[in-house]
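Please walk me through this structure, starting at the ligand and then moving to individual residues. Keep to what can be computed from the atoms.

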Amino acid sequence: MKPPPFDFVCPKTVGEVISLLEKHQSDAKLIAGGQSLMPLLNMRLARPDILIDLSKVADLDYIKEADGGLTIGAMTCQRTVERSELVKSRQPLLHEATRFIAHPQIRNRGTIGGSLAHADPAAVYPAVAVALDAKLEVAGPKGKRSVEAADFFVSYLTTVLEPNEMITEVRLPGLPARTGCSFIEVSRRHGDYALTGIASTVTLQNGGQCSAARIVLFGVGATPVRARKAEQVMVGQKPGEKLIGQAAEKANEDIEEPLSDIHASAEYRRHLAQVLTRRGLAVACERAAAG
Ligand code: FAD
């Protein structure tokens with residue numbers, strides 16, 4: 001199918017984008033890489049009167065060091081993230097996870113901002129953003145505001161963004177020393193959206209005890225889910241097979257209502273959440289111990 005007719009504008013600055021959003025409100029849609037929006041238009045699940053193309057907006061495509069962490073412009077494509085040595089060395093979880101997004105052709109177009117704004121509960125970047133304690137810089141008519149990734153996702157394909165706002169930047173704080181990360185997902189074929197996945201980080205003290213753990217499950221609810229009960233099992237303890245098994249048993253306790261659809265039942269997703277938590281934590285702990 002072809003999309004319904006729409007007007008198309010190519011603003012050059014964030015200010016122009018915001019003015020256009022103000023003018024057209026919910027009749028307008030931003031388009032970044034188009035990898036999620038175009039299918040929605042073609043299936044006529046979205047019918048905006050006007051598309052605001054972000055590809056010509058200046059200064060939204062970069063990866064920079066800042067305050068010991070990284071800042072990434074919203075229009076940075078997933079392939080650039082995947083290939084960045086800075087991301088690989090500073091944020092190995094983001095690097096590792098990006099290769100699970102679809103295929104290179106899609107990653108060449110799809111952007112980090114688009115992926116976060118789209119807020120698919122089975123997508124990679126929302127879970128990674130929560131696991132890495134990211135902050136999303138949002139521009140709107142009243143200026144800029146910063147939103148914690150943990151507060152950004154509201155429900156299926158729904159975020160706290162107002163119709164006249166856009167993401168401009170993703171800020172990732174630096175990882176503490178002796179932090180290990182891991183990303184694992186189960187999908188039917190490589191490149192498909194995950195049935196269930198986990199993004200996790202574990203930080204160890206010099207004595208080997210776990211000082212912090214972040215375990216984020218995705219594909220199991222309307223938003224990425226922080227498995228806090230499982231995290232609590234880890235913190236203060238020396239990780240080992242038994243402890244990791246105990247944490248995995250708690251993985252489901254923060255999941256309210258797993259999805260049940262043609263791809264997988266809720267029961268299977270709950271089972272995966274436990275299995276992946278065990279595997280993910282084992283890898284993250286091993287990497288943390290290796291320094
Ligand atoms: P677009 O499609 O252009 O926009 C998506 C939405 O975000 C739109 O509503 C748009 O208005 C809004 N938007 C875009 N940029 C901004 C911004 N800066 N501020 C506010 N709103 C904005 N993703 C995965 O994570 N895992 C997968 O396995 C996966 N598999 C895929 C397989 C296929 C076949 C396809 C086509 C896509 C797949 N994707 C997957 C999605 C892909 O990662 C998309 O690139 C991503 O979801 C959207 O990014 P985009 O830049 O293309 O955004």
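The paragraphs below take up the ligand shell, then the cysteines, then some helices and loops.

This is a predicted model, in which local features need pLDDT of at least 70 and side-chain atom pairs count only at pLDDT 80 or more, while totals for chains, interfaces and linings use all residues. Residues are numbered from 1 along each chain as its sequence is written, and side-chain values use heavy atoms, with hydrogens and water left out.

The ligand is surrounded by 30 residues, the closest being Leu30, Gly34, Ser36, Leu37 and Thr111; a residue belongs to this shell if one of its heavy atoms lies within 4 Å of the ligand. Three backbone positions pair with ligand oxygen atoms in polar contacts, that is, pairs of N or O atoms within 3.5 Å; within protein, one atom must be able to donate a hydrogen and the other to accept it, and residues adjacent in sequence count only if both atoms are side-chain atoms. A polar backbone atom of Leu30 is 2.5 Å from an oxygen atom of the ligand. For Val124, the distance from a polar backbone atom to a ligand oxygen is 2.9 Å. For Gly191, a backbone N or O atom is 3.4 Å from an oxygen atom of the ligand. On its own the ligand has 970 Å² of accessible area, and the protein covers 89% of it; such areas come from the Shrake-Rupley method with a 1.4 Å probe, and for residues only the protein chains shown count as cover.

Which elements give two or more residues to this shell? They are β2 (28-31), α7 (112-118) and β10 (166-172), where helices (H or I, at least four residues) and strands (E, at least two) are DSSP runs numbered from the N terminus. The most comes from α7, with four residues. By class, the shell has 17 nonpolar, eleven polar and two charged residues. Here Ala, Val, Leu, Ile, Met, Phe, Trp, Tyr, Cys and Pro count as nonpolar, Asp, Glu, Lys and Arg as charged, and the others, Gly among them, as polar.

Val124, from the ligand contacts above, also belongs to helix α8. This helix, residues 124-131, is mostly covered, with eight of its eight residues buried; buried means under 20% relative accessible area, exposed over 50%, and partly exposed in between (1.4 Å probe, protein chains only). Just after α8, Asp133 takes a positive phi of about 60 degrees.

Most residues other than glycine have a negative phi. Two loop residues also depart from this pattern. Gln25, in the loop between α1 (14-24) and β2, has a positive phi of about 45 degrees. Arg44, in the loop between α2 (37-42) and β3 (50-53), has a positive phi of about 60 degrees. Gln25 is partly exposed, at 32% relative accessible area, and Arg44 is partly exposed with a value of 32%.

Gly33 sits in the loop between β2 and α2 and is buried, with a relative accessible area of 12%. Apart from its neighbours within four places in sequence, Gly33 is in contact (heavy atoms within 4.5 Å) with Arg109, Gly110 and Thr111. The C-alpha atoms of Gly33 and Met75 are 8.1 Å apart, although the two are separated by 42 residues in sequence.

A search of the whole structure finds zero disulfides, a disulfide being a pair of cysteine sulfur atoms within 2.5 Å. For Cys10, the nearest cysteine sulfur is that of Cys77, 17 Å away, and Cys10 is partly exposed at 35%. For Cys181, the nearest cysteine sulfur is that of Cys285, 11 Å away, and Cys181 is buried at 4%.

Cys181 is also one of the residues in contact with Glu96, together with Ser182, Phe183 and Arg287, leaving aside neighbours within four places in sequence. Glu96 lies in helix α5 (residues 92-98) and counts as buried at 14% relative accessibility. Its side chain makes a polar contact of 3.0 Å with the side chain of Arg287.

Ala248, in helix α11 (residues 241-249), is buried at 3% relative accessibility. Beyond its neighbours within four places in sequence, Ala248 is in contact with Gln274, Thr277 and Arg278. Ala248 and His271 are 23 residues apart in sequence and 10 Å apart in space, C-alpha to C-alpha.
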